[in-house]
Amino acid sequence: MSLFSRRYGGRPFHLLVMACCFTVAGYAAVRLLVGRPVAVAVWFIGAALLHDLVLVPLYSAADRTAQAAALPPRTPPSAGRRLLNHLRAPVVLSLLLLLVWFPLILRRSAPYHQDTGLSDSVYLDRWLLITAGLFAASALTALLNTARRRRARPSATGATGATGATRATGSRTDHDR
């Protein structure tokens, strides 16, 4: 490990990428704050408070409810959570899209049509299609992961063959150590 990596804690490329990210974020902040700095500050503070005081308890309670409903009490934690994560990912992405585009999805954006000349009637259908696609991709991923995990699992007879000898799996056993 080089002196730079020991002192910085990462590779030089990481430092370069972080410097670029902070540069872009600083530029965006300057451009955003030029027009109405008080309104922007109020929006950021309001968004942080709404997220921390309202949304976090809501989606934490929803996640706990989903865990209690979807996982039987004696399910091994890793197996149940693995499958539940395939439900969490499309839900989170779909809700994030809804949060960003809800005025257009719910047709609550009157100036959109006046400003652009475009109709907002397509957004609900497209959001529903994207949501269905996210759930389908997640279900396919879950099926493929489950099939791959079952194939990688040892057979029902265990690690011993007909002769009682241990199969060679490429890993060391306790008596080898």
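This passage walks through the fold, the surface and the few side-chain pairings of the protein shown above.

The model is a predicted one. Its secondary structure is helical throughout the assigned elements, with six helices and zero strands. Read from the N terminus, the order of elements is accordingly α-α-α-α-α-α. The chain has 177 residues, and 10% of them count as buried. The protein exposes about 14,500 Å² to its surroundings, and carbon and sulfur atoms supply 68% of that area. Turning to contacts, among those between residues at least 6 apart in sequence, 33% join residues at least 24 apart.

Helix 3 is a good place to look next. This helix spans residues 37-70 and contains Val 54. Val 54 belongs to a nonpolar patch on the surface, where Ile 45, Leu 49, Leu 50, Leu 53, Leu 55, Leu 58 and Tyr 59 are the other members. Together, the residues of this patch have about 770 Å² of accessible area. What is the relative accessible area of Val 54? The value is 38%, which makes Val 54 partly exposed. Residues enter such a patch at over 30% relative accessible area, so Val 54, at 38%, passes that cut-off.

Helix 3 also takes part in a charged pairing. Side chains of opposite charge can pair when their charged atoms come close. A search of the whole structure finds one salt bridge, and its partners are Asp 63 and Arg 88. Their closest N and O atoms are 2.7 Å apart. Which parts of the chain does this pair tie together? Asp 63 lies in helix 3, whereas Arg 88 lies in helix 4, which covers residues 77-105, so the salt bridge links parts that are 25 residues apart in sequence. Asp 63 counts as partly exposed, at 25% relative accessibility. For Arg 88 the relative accessibility is likewise 25%, and this residue also counts as partly exposed.

The cysteines complete the picture. Zero disulfides are found in a search of the whole structure. Cys 20 is in no disulfide, and the nearest cysteine sulfur to its own, that of Cys 21, is 7.0 Å away. A disulfide would need the two sulfur atoms to be within 2.5 Å, so at 7.0 Å Cys 20 and Cys 21 do not qualify as a pair. Seen from the other side, Cys 21 is in no disulfide either, with the sulfur of Cys 20 as the nearest cysteine sulfur. Is Cys 20 buried or partly exposed? Cys 20 counts as partly exposed, with 43% relative accessibility. Cys 21 also counts as partly exposed, with 44% relative accessibility.

Key. Residues are numbered from 1 along each chain as its sequence is written. This is a predicted model: local features need pLDDT of at least 70, side-chain atom pairs count only at pLDDT 80 or more; totals for chains, interfaces and linings use all residues. Side-chain values use heavy atoms; hydrogens and water are left out. Patches are made of residues with over 30% relative accessible area and no salt bridge: like charges are joined within 9 Å, nonpolar side chains (Val, Leu, Ile, Met, Phe, Trp, Tyr) within 5 Å. Accessible areas come from the Shrake-Rupley method with a 1.4 Å probe; for residues, only the protein chains shown count as cover. A salt bridge is a side-chain nitrogen of Lys or Arg within 4 Å of a carboxyl oxygen of Asp or Glu. Helices (H or I, at least four residues) and strands (E, at least two) are DSSP runs, numbered from the N terminus. Buried means under 20% relative accessible area, exposed over 50%, partly exposed in between (1.4 Å probe, protein chains only). Contact means heavy atoms within 4.5 Å.
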